[in-house]
Amino acid sequence: MLSTPTRRRHAIDLDDFAADELEEILETTESMKEVLSREIKQVPALRGRTVVNMFYEESTRTRISFELAARALSANVVAFSARGSSVEKGESLLDTVRTLQALGADIVVIRHSQAGTPYLVAQHFRGSVINAGDGRHAHPTQALLDLFTIREKLGQIQGRKVVIVGDIVHSRVARSNLWGLTRLGANVTLCAPPTLLGPAAYWTGTWPQVTLSHRLDEAIEGADVVMALRLQKERMQAGLLPSLREYSRAYALTPERLARLGPQTLIMHPGPMNAGVEIWPEVATAPNAVIEAQVTNGVAVRMALLYRLAS
């Protein structure tokens, strides 16, 4: 049975979500997973509403899961792409938003390379805005599906040790996960080489309970969850790493490191993966890897968020 939603207009990041609201969304996600398990995977919760997916960046998992989520709630779904639209003729972002509003859009899901873009859209759009990833800033629905997957597999988040390893300083996934995980009581360790971690004062100043590490073998001791982040190739071009081989030796999730973890330790990755760079194929397909479950749960989580914003 779906509970009465806490009223919220936008979902830009998890920094303004209280622990109770996060729990409500996770509980609603369980109901949405039940819907998706039915023979007919659809309910009329958003019938008559229009959801517009505005993706200014390429995406597979996030874009498709939002489309599936909206359709499962019986919404009208419009897929907007900057390519082939009036954006190529010089139309501004705000003019595009006003056009979509005039055409009857109720919810805008936006992904953009510039941090802060969803905030700007939310100031000029009368409906609801969901951030599907903006620059290095935030990716709240990825964090929500990660939270749900951890809770689903381990029973609770509070008190769990979660290690996030990789390109932390450029990761919108890491930032949104930090808000969600710490608010629900997890103990988080960030592990990366100094060039991919950035100033320690930023992390510990914003999240005082977070631990920082440059040594993965030490960081994963006693971990309940280890999440590897995708290493973007442009970091090499910027001179932030000596070589991919050196990075993989020190920070990749390898079969040797997997063997040191307990069989119940969850292996996670937000995708897409660089197999053999930040994670070995044998690790990504290990029995305790939940990477496919993350993708599957993404649809139910986005259904839950759409439902709560539209209610």
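**Helix α2 against helix α14**

In α2, R61, T62, S65, F66, L68, A69, A70 and A72 meet V295, G298, V299, R302, M303 and L306 of α14; contact here is heavy atoms within 4.5 Å. Helices (H or I, at least four residues) are DSSP runs, numbered from the N terminus. This is a predicted model: local features need pLDDT of at least 70, side-chain atom pairs count only at pLDDT 80 or more, and totals for chains, interfaces and linings use all residues. Residues are numbered from 1 along each chain as its sequence is written, and side-chain values use heavy atoms, with hydrogens and water left out.

**Exercise 1.** Work out how the axes of α2 and α14 cross.

*Solution.* Start with the axes, which are lines fitted to C-alpha atoms over the stretch in contact, with angles from 0 to 180 degrees between N-to-C directions. For α2 (residues 61–72) and α14, they come within 8 Å and cross at roughly 50 degrees. So α2 is oblique to α14: angles under 35 degrees count as roughly parallel, over 145 as roughly antiparallel, 65 to 115 as roughly perpendicular and the rest as oblique.

**Exercise 2.** Place L306 in the largest nonpolar core.

*Solution.* Such a core is a set of buried Ala, Val, Leu, Ile, Met, Phe, Trp, Tyr and Cys residues joined through side-chain atoms within 4.5 Å; buried means under 20% relative accessible area (1.4 Å probe, protein chains only). This one has 90 residues, and I164 and L306 touch the most other members. Helix α14 (residues 291–310) gives the most, 12 residues. Not counting residues up to four places away in sequence, L306 touches L46, V51, F66, A69, A70, L73, I107 and I130.

Technical notes
Buried means under 20% relative accessible area, exposed over 50%, partly exposed in between (1.4 Å probe, protein chains only). Helices (H or I, at least four residues) and strands (E, at least two) are DSSP runs, numbered from the N terminus.
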